[in-house]
Amino acid sequence: MIRTVFRTLARLRRAPAFHPRGVLLGGELRVDDGGSAVGEALGPGPHRVLVRLSKGAGTPGLAPDLLGMAVRVEPHGTRDAVDLLFTTSTAGGAMLAPARGWRTSTYSTLLPYETDVGRLRLLVEPEPREPDPPADPRAVPDALQTRSLRFRLVEARSRERRPVATLVLTEERPGAVAFDPVLHQHPRLRPVPLLAGLRARAYRGSRRGRRAAPTDLSRAP
């Protein structure tokens with residue numbers, strides 16, 4: 001049932017069932033804390049990334065929306081991609097919250113991850129927080145002409161918040177990427193089983209509806 005609903009919606013939109021409007025960007029994730037859960041999984045240092053910024057419901061123009069950030073990390077020295085999906089949320093990352101700009105709110109994975117040090121939630125926080133560029137994917141490439149977009153990746157567990165990496169987006173990239181955090185996960189950084197099956201069926205339905213291959217990595221050159 002879930003797969004059918006998402007397949008139908010993606011077919012009607014000729015785009016992902018959710019987050020249909022977006023822009024694909026290239027950049028770098030620099031893991032500064034090698035002893036963190038992310039550092040243990042991906043390794044320290046810089047890693048290439050492909051990032052899609054998108055509007056969840058696809059609202060027009062500058063209208064607020066649940067903004068999404070899909071991050072594909074290509075760990076240095078490997079050919080295995082890791083997908084991490086974030087949505088604008090409250091400051092603690094526990095609840096969804098709409099935003100008016102790409103750098104005004106915290107992004108969260110919402111559901112926690114299983115790691116070697118226990119369960120934690122991943123957050124992305126803008127540096128600095130500001131309303132520019134506004135919540136329209138078409139505004140992002142123009143903003144990148146004058147400066148890169150910088151964010152901080154944070155591990156959140158109970159009351160502890162641990163900054164572990166810096167995400168820098170530098171340029172627009174052509175093409176499309178089929179992000180899937182269940183299909184493209186790391187054994188030491190895994191989405192919790194809660195709702196994982198439901199999410200997997202939803203992504204399969206959405207891919208089938210728009211005829212996207214599940215292994216379409218669209219790697220950065």
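Is Glu28 buried, partly exposed or exposed, and what is its relative accessibility? Glu28 counts as partly exposed, at 32% relative accessibility. The legends below walk through several close-up views of this predicted model.

**Figure 1. Arg30 and Glu28 meet in a salt bridge.** Here the N to O distance between the two side chains is 3.8 Å. Both partners can be placed on the accessibility scale: Arg30 is partly exposed, with a relative accessible area of 37%, and Glu28 is partly exposed at 32%. Glu28 also turns up in another view, as one of the residues in contact with Leu167.

**Figure 2. Glu114 and Arg119 form a salt bridge.** The closest N and O atoms of this pair are 2.7 Å apart. Take a moment for the accessibilities here: Glu114 has 19% relative accessibility and counts as buried, a label that applies under 20%. Its partner Arg119, at 48%, counts as partly exposed; the exposed label would need over 50%.

**Figure 3. Arg152 in strand β8 reaches Glu125 and Glu127.** The side chains of Arg152 and Glu125 meet in a salt bridge with an N to O distance of 2.5 Å. This pair links distant parts of the chain, with Arg152 in strand β8 (residues 149–157) and Glu125 in strand β7 (residues 118–126), 27 residues apart. Arg152 is partly exposed, with a relative accessible area of 25%, whereas Glu125 is buried, at 6%. A polar contact of 2.4 Å also joins the side chain of Arg152 to that of Glu127. Beyond its neighbours within four places in sequence, Arg152 is in contact with Leu123, Val124, Glu125, Glu127, Pro163 and Ala165. If you are checking backbone distances, the C-alpha atoms of Arg152 and Pro163 are separated by 6.7 Å, although these residues are eleven apart along the chain.

**Figure 4. Four charged residues are linked in a network of salt bridges.** The members to look for are Arg103, Glu130, Asp132 and Arg147. As a reminder of the chemistry, side chains of opposite charge can pair when their charged atoms come close. For context, a search of the whole structure finds 17 salt bridges.

**Figure 5. Leu167 belongs to the largest nonpolar core.** This core has 36 residues, and Leu29, Met69, Val71, Phe86 and Leu167 touch the most other members. Leaving aside neighbours within four places in sequence, Leu167 is in contact with Glu28, Leu29, Val49, Val51, Met69, Val71, Leu149, Arg150 and Phe151. Another core, of six residues, lies apart from the largest one, and its members include Leu24, Leu50, Ala70 and Leu85.

**Figure 6. Strand β4 is covered on both faces.** Which residues sit on each side of β4? Val82, Leu84, Phe86 and Thr88 are on one side, Asp83, Leu85, Thr87 and Ser89 are on the other, and all are buried. Because eight of the eight residues of β4 (residues 82–89) are buried, this strand is largely enclosed by the rest of the structure. Strand β3 (residues 67–74) pairs with β4 in the antiparallel sense over six bridges, and Gly68 has Thr87 as its bridge partner in β4. Strands β4 and β5 also run antiparallel, joined by three bridges; there, Thr87 stands opposite Ser108.

**Figure 7. Thr106 of strand β5 contacts Arg129 through its side chain.** Strand β5 spans residues 106–108, and Thr106 counts as buried at 2% relative accessibility. The side chains of Thr106 and Arg129 are joined by a polar contact of 2.8 Å. Not counting residues up to four places away in sequence, Thr106 touches Thr87, Thr88, Ser89, Thr90, Ala91, Leu123, Val124, Glu125 and Arg129.

**Figure 8. Tyr107 and Phe151 make the one aromatic pair of the structure.** What geometry does the pair of Tyr107 and Phe151 have? The arrangement is edge-to-face, with 6.3 Å centre to centre and 85° between the planes. Tyr107 in strand β5 and Phe151 in strand β8 are 44 residues apart, linking distant parts of the chain. Both rings come from buried residues: Tyr107 has 1% relative accessibility and Phe151 has a relative accessible area of 0%.

Conventions. Residues are numbered from 1 along each chain as its sequence is written. This is a predicted model: local features need pLDDT of at least 70, side-chain atom pairs count only at pLDDT 80 or more; totals for chains, interfaces and linings use all residues. Side-chain values use heavy atoms; hydrogens and water are left out. Buried means under 20% relative accessible area, exposed over 50%, partly exposed in between (1.4 Å probe, protein chains only). Helices (H or I, at least four residues) and strands (E, at least two) are DSSP runs, numbered from the N terminus. A nonpolar core is a set of buried Ala, Val, Leu, Ile, Met, Phe, Trp, Tyr and Cys residues joined through side-chain atoms within 4.5 Å. Contact means heavy atoms within 4.5 Å. A polar contact is a pair of N or O atoms within 3.5 Å; within protein, one must be able to donate a hydrogen and the other to accept it, and residues adjacent in sequence count only if both atoms are side-chain atoms. Two strands pair if DSSP finds at least two bridges between them. Rings of Phe, Tyr and Trp (its six-membered ring) pair if their centres lie within 6.5 Å; planes under 30 degrees apart count as stacked, over 60 as edge-to-face and the rest as tilted.
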